[in-house]
Amino acid sequence: MPVAARLTLLTHATPGPETLAALAEYDPASLGDFEQVLLVKALERQRHWLDGLQQPAIAAVAGDRGTHDWGREELAAALTLSKQTAGKRADVARMLSGPLHLTLSALQG
C-alpha cells in the first residue's frame, strides 16, 4: 500500500497508543510534501486525544476553584508554566470535566 494511503488510514484511525506508535515510525524528512501534511494531520488528531486524556487529571490536581491553590502551583512546577498559565489551564480543565463534558468527549476521540 502506498505511504499516502497508509497515512490517510492513520489520519482517520481511532486515536490511541497503537495509532500513535504507527505514526511514530514515519520520518517526516523521508516523506513527500503531501505525505508530510497527512502525517501532521494524523499527529494533530493524536494530540487532541492526549489533551482530552490530560484534562481530567489537571482538574483533579486543581480541585474545586479556590480549594486547592497549591494545585495551581504544583501544575506550574510540573508543566514548567507560570502560575497564571497553570491557573488558566486548570480553569479550562474544570470546565471540560464539568459543564463542557461533551466537548471533552469529542477531544478524546
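These are numbered notes on confidence, two threonines, a surface patch and one valine in a predicted model.

1. Confidence. The structure is a prediction, and the protein chain has a mean pLDDT of 91. Of its residues, 96% reach 70 or more. Among the elements of the chain, H2 has the highest mean pLDDT, at 97, and helix H4 (residues 69–79) the lowest, at 87. Where pLDDT is low, the predicted coordinates should not be read in detail.

2. Thr11. This residue belongs to helix H1, which covers residues 3–12. The relative accessible area of Thr11 is 5%. Thr11 is classed as buried because that value is under the 20% cut-off. Apart from neighbours within four places in sequence, Thr11 is in contact with Leu38, Lys41, Ala42 and Arg45. For Leu38 there is a further detail: its backbone oxygen lies 3.5 Å from a polar atom of the Thr11 side chain.

3. Thr19. Helix H2 runs over residues 17–24 and includes Thr19. Is Thr19 buried or exposed? Thr19 is buried, at 9% relative accessibility. When neighbours within four places in sequence are left aside, the residues in contact with Thr19 are Leu10, Ala13, Thr14 and Gln46.

4. Nonpolar patch. Leu20, Leu43, Leu50 and Leu53 make a nonpolar patch of about 300 Å² on the surface. Which helix gives the largest share of the patch? Helix H3 (residues 33–62) does, with three residues.

5. Leu53. One of the patch residues is Leu53, which is placed in helix H3. Its relative accessible area is 43%. Leu53 is therefore partly exposed, since that value falls between the limits of 20% for buried and 50% for exposed.

6. Val40. Helix H3 also holds Val40. Val40 has a relative accessible area of 55%, and so counts as exposed, the cut-off being over 50%. Along the chain, Val40 and Leu7 are 33 residues apart. In the model, 9.8 Å separates their C-alpha atoms.

7. Points to check in the viewer. For Thr11, look at the side chain and the backbone oxygen of Leu38, 3.5 Å from a polar atom of that side chain. For Thr19, look at the contacts, among them Gln46. For the surface, look at the nonpolar patch, including Leu20 and Leu43.

How values were computed:
Residues numbered from 1 in each chain as written. Predicted model: local features only at pLDDT ≥ 70, side-chain atom pairs only at ≥ 80, totals over all residues. Heavy atoms only, no water. Helix = DSSP H or I, 4+ residues; strand = E, 2+ residues; numbered from the N terminus. Buried < 20%, exposed > 50% of the residue type's maximum accessible area, 1.4 Å probe, protein only. Contact = heavy atoms within 4.5 Å. Polar contact = N/O pair within 3.5 Å; in protein donor to acceptor, adjacent residues only side chain to side chain. Patch = residues over 30% accessible without salt bridge, like charges linked within 9 Å, V, L, I, M, F, W, Y side chains within 5 Å. Areas by Shrake-Rupley, 256 points an atom, 1.4 Å probe, with all protein chains shown as cover. Salt bridge = Lys/Arg side-chain N within 4 Å of Asp/Glu carboxyl O. pLDDT = per-residue confidence, 0-100.
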